[in-house]
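Please read the following explanation alongside the sequence and the structure. It moves from charged pairs to surface patches and then to individual residues.

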Amino acid sequence: MMSKYILRSTCIFGKYMQNNLPVMLSAISYPHNSLEQIRHINKHWNPKYKKERKEKFIKIDLPNFHETNKKKAAERKRSLLKQYGIYPQKQWTERPIFISCTPNAFDSYVPPEGDGKFSTITKAGAMQKMTDVTMKGKSMMAIRKIKSFEDTFTLKNFPQEALNIYIKAHEALAAKDMNALIEYVTESAYSKMLHNVMDKNIRWKYVESLEPPRIVHARCQHLITKDNLFGQLTMRIHSQQILTIYDRFGRLLKGSEILKKDVLEYIVYENHLANQYGKWRLHEKIIPSWMPPREVGEKTYILSPETEKVITPDLPNKSTDTTNAAETTAN
């Protein structure tokens, strides 16, 4: 029994030592001790340096973030800035600009006149081949620059990739799928392809390639800074296609759904080489100056009441016509 009180007195002795109180070696019942330390009390046990602890915190007048009156909130903010001697923040009106494509084709390719009509055996065809050879110097340097940015770029595989981009872009245009179209064309070509298309129905089909597509021109150019580099490749695509265009009333404007036509086009593809996620997209179509102008389909409009009166004048009354006819018969 005595050992029990000795054990409890030892515990009491430890508690008194922890609280910096006079040591009491009396046999006191430990569970009923009123001087037991409770660890979850927030009040600090030592009042020393109380003033210093208080000065560690600085009271700040925070603005009212739930102020409904914007005019009062602006005046309060201005007074606080004036009170602390802080200049008002400048209202920046500039917006960040991201240049993802160039406005047009730089150093555009000039197609030889009569391309696609002369055989390589004839004199005109041989002259065209010689012209292509002389233009290959800058193109090879540009292709070497493109390969330094794209490790997977090869001259052998790119023509087929460019042809797939060409087909998917025109299929998206015919279906008026804007989300798919922006994946295959640049922002510059996007607005040009959608111009005057909204009120028409287009039927387009790629039949076959008459000649394998090939690269005829390559250029690299930086924009604003030397690090912002763009690459452009001009593809020669000679194919057979079917194109039919209907107006908003279902009337045929141009083309035929059963007639195939030979089409020779020079398509410029562009890639933002400085962008890690850049990809080749259709950028522009080169139309040579020697090509004859294409026929434009006639447009149809709804006449307004004022215009309709001008075009169809008022007809004479039926009663007047009957009287005149009777007089003519009598005479």
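K285 is partly exposed, because its relative accessible area of 33% falls between the limits of 20% for buried and 50% for exposed residues. The model in which this residue is seen is a predicted one. The side chain of K285 meets that of E265 in a salt bridge, with 2.7 Å from N to O. This pair connects distant parts of the chain, since K285 belongs to strand β5 and E265 to strand β4, 20 residues apart. E265 has a relative accessible area of 6% and is therefore buried. The bridge thus has a partly exposed lysine and a buried glutamate.

In general terms, side chains of opposite charge can pair when their charged atoms come close. How many salt bridges does the model contain? The count is 5 salt bridges, and the pair of K285 and E265 is one of them.

Another salt bridge joins E211 and R236, whose closest N and O atoms are 3.1 Å apart. E211 is located in strand β1, residues 201–223, and R236 in strand β2, residues 225–246, so this contact ties together parts that are 25 residues apart in sequence. Here the arginine is the buried partner: R236 has a relative accessible area of 3%. E211, with a relative accessible area of 30%, is partly exposed.

A further salt bridge is formed by the side chains of K279 and E183, at 2.7 Å from N to O. K279 sits in the loop between β4 (261–272) and β5 (281–286), whereas E183 is part of helix α7 (residues 178–184); the pair therefore ties together parts that are 96 residues apart in sequence. Are these two residues buried or partly exposed? K279 is partly exposed, with a relative accessible area of 41%, and E183 is partly exposed as well, at 39% relative accessibility.

Attention may now turn to the surface patches. Positive charge gathers on the surface in a patch made of K50, R53, K54, K56 and K59. Within this group, K54 lies in helix α2, which spans residues 50–55. K54 counts as exposed because its relative accessibility of 67% is over 50%.

A second patch is nonpolar in character: I58, I60, L62 and F65 make a surface patch of about 550 Å². One of its members, F65, has a relative accessibility of 67% and so counts as exposed.

Cysteines are the next topic. How many disulfides are counted in the model? The count is 0 disulfides, the rule being that a pair of cysteine sulfur atoms must lie within 2.5 Å. C101 is buried, because its relative accessibility of 14% is under 20%. C220, at 21% relative accessibility, is partly exposed, since this value is not under 20%.

The final residue to consider is N164. N164 is located in helix α6, which comprises residues 158–175. The relative accessible area of N164 is 34%, so this residue is partly exposed. Where does N164 stand with respect to Y184? The two residues are 20 residues apart in sequence, and their C-alpha atoms are 9.6 Å apart in space.

Terms used. Residues numbered from 1 in each chain as written. Predicted model: local features only at pLDDT ≥ 70, side-chain atom pairs only at ≥ 80, totals over all residues. Heavy atoms only, no water. Helix = DSSP H or I, 4+ residues; strand = E, 2+ residues; numbered from the N terminus. Buried < 20%, exposed > 50% of the residue type's maximum accessible area, 1.4 Å probe, protein only. Patch = residues over 30% accessible without salt bridge, like charges linked within 9 Å, V, L, I, M, F, W, Y side chains within 5 Å. Areas by Shrake-Rupley, 256 points an atom, 1.4 Å probe, with all protein chains shown as cover. Salt bridge = Lys/Arg side-chain N within 4 Å of Asp/Glu carboxyl O. Lys, Arg positive; Asp, Glu negative; His and termini not counted. Charge placed at Lys NZ, Arg CZ, Asp CG, Glu CD.
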